[in-house]
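These are my notes on one protein chain, taken in the order in which I looked things up. I began with the overall composition and then turned to individual helices and their packing.

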Amino acid sequence: MRQAQEHPTDHPAAPDPGPAPLPPAPDPVEAVPAWWRIAVLGLQHVLAFYAGAVVMPLLVAEGLGLGPADTAALVNTALVACGIATLLQTVGLPGIGVRLPVVQGMSTAAVPSLVSVGAAAGGAEAGLPTVFGAVIAAGAVLFLVAPLFSRLVRFFPPLVTGTIVTIVGVTLMGVAARQVGGGDPGAAGFGTPVHLGLAAVTLGVILLLHRFARGFLASVAVLLGLVAGTLVAAFAGRADFSRIGDAGWLGLQAPLHHGAPRFDVMAVLAIVLVMVIIAVESIGQFFAVGEIAGRPVGERDITRALRADGAATVLAGLLNSFPATVYSQNVGLLRLTGVVSRWIVAASGVIMLVLGLVPKVGAVVAALPPAVLGGATLLLFSTITVVGVQILLKADLGDARNTVLVAASLGVGFLPTAYPEFAEHLPSRQLQALFESGIMLGTLTAVALNLFFHHLPSPVAARRTSRGQRLNCQEK
């Protein structure tokens, strides 16, 4: 019998698919480290932000002539308000919160207007119901108009956002320099070698850890630098821990402690203007955080972020506190450490709540000497400038118009930093508030010049277009 002839199969073999595709890289913003890493890195964010957060309520209390008890209460409630605002941004609610590693702290831009509103309403404790009423109303306004602000995103290309972030860093270097000198330029020992030495110790430890340490130790370099600087200050007799014993273990004012809020129209308008300034400044910071975290910020993100700012401001007014904003030193810390988990920053919000509810713990953090903080913030604020330059590299700086935009915005933004006295000679409180903020001046200049150079019709271009159309018609 003939054996059946073998035939090739009717279906050719399937091609080799090759190696299996790699799984997508995990999102660092959503990473959840071990609990102890979250706690330590969250504490580092709190230490970087703490001094600026408590200075703001102290300035308001001093401007209104409040007593020691009310002043201490304002500091505690400010920390609670910052913790809530940070949690709203990092964890969020439906439609609220940018869900990025954003630390919220008290906005010093609001101090002059808050003091003016409180003084006009009677000063001291009598003026606080009007102050908190204006804060509540202004927060509600920002919450409602957040979608309108988000439509401005198209006017914030890398050219503008890079310029704004660079201005923020350059402007805040003056704040860091003041802390390096001891915090108070009017003090007799300001800028002495002792203060400079404490700042140098802090900065030196941070730099050494970034050079020789790896992994977790490198990520907490700022925290370890602050600890080292404080220990040296304690041995040198330059750290004051006396207030720790005087502080209580628990303490927080009840909501609306000073009475029902009063809604004065002019007061509300004054704080609404402040909220507009804070919102415009914050937009640039949100873009910077998105750049660092590798998660671009869009129109919907800005809407959610500003809604969180508005909601947090309403809650702050109810809790006897003030508006919050994105804290720049923490933006620099994100860039310096490369750790961008929003859950770490959420942990810092929880720590803020604890500090506000337990004044004794807050007093320990408040004992950090200004010069020690200055050694850290000098690096953190300068890092923000580096982030701004990185964003600017995405823009076409070969275009002369873009170069002029960056240069003019930096120059105008630097004016209040060099000479704050310019604001004193302006006719209205609103203009004074504008010229007291180099960040706001530089931001408005960058946005306006971007509109002028790239969005408004150019007469020269229009003439060229018209001439070209006429030549085409003649040829036809």
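Entry 1: overall composition. I counted 19 helices and two strands in the secondary structure of the protein chain. I note at the outset that the model is predicted.

Entry 2: burial and surface. I looked up how much of the chain is buried and found that buried residues account for 50% of its 476 residues. The exposed area of the protein chain comes to about 22400 Å², and 67% of it is supplied by carbon and sulfur atoms.

Entry 3: contact range. I took the contacts between residues at least 6 apart in sequence and found that 84% of them join residues at least 24 apart.

Entry 4: helix H3. Is H3, residues 111-120, largely enclosed or largely open? I found seven of its ten residues buried, so H3 is largely enclosed by the rest of the structure. The buried residues I listed in H3 are Val111, Pro112, Ser113, Leu114, Val115, Val117 and Gly118. Just after H3, I recorded a positive phi of about 125° at Gly122.

Entry 5: H4 against H10. I examined how helix H4 (residues 128-150) packs with helix H10 (residues 265-293), and obtained an angle of about 45° with the axes 8 Å apart. H4 is therefore oblique to H10. I registered their crossing as right-handed. On the H4 side, the contact is made by Thr130, Ala134, Val135, Ala137, Ala138, Val141, Leu142 and Phe149. H10 contributes Ala267, Val268, Ile271, Val272, Met275, Val276, Ala279, Val280 and Ile283. Sorting the contact of H4 with H10 by class, I found 16 nonpolar residues, one polar and no charged ones.

Entry 6: H16 against H18. I next looked up helix H16 (residues 400-418) and helix H18 (residues 438-454), whose axes come within 7 Å and cross at roughly 160°. This angle makes H16 roughly antiparallel to H18, because angles over 145 degrees count as such. I noted that H16 passes H18 in a right-handed crossing. From H16, the contact involves Arg401, Asn402, Val404, Leu405, Ala408, Ser409, Val412, Gly413 and Pro416. From H18, it involves Gly438, Leu441, Gly442, Thr445, Ala446, Leu449, Asn450, Phe453 and His454. What is the make-up by class of the contact of H16 with H18? I recorded nine nonpolar, eight polar and one charged residues.

Conventions. Residues numbered from 1 in each chain as written. Predicted model: local features only at pLDDT ≥ 70, side-chain atom pairs only at ≥ 80, totals over all residues. Heavy atoms only, no water. Axes fitted to C-alpha atoms, helices over the stretch in contact; angles between N-to-C directions. Helix = DSSP H or I, 4+ residues; strand = E, 2+ residues; numbered from the N terminus. Parallel < 35°, antiparallel > 145°, perpendicular 65-115°, else oblique. Left-handed = near helix turned anticlockwise from the far one by under 90°. Contact = heavy atoms within 4.5 Å. Nonpolar A, V, L, I, M, F, W, Y, C, P; charged D, E, K, R; others polar. Buried < 20%, exposed > 50% of the residue type's maximum accessible area, 1.4 Å probe, protein only. Areas by Shrake-Rupley, 256 points an atom, 1.4 Å probe, with all protein chains shown as cover.
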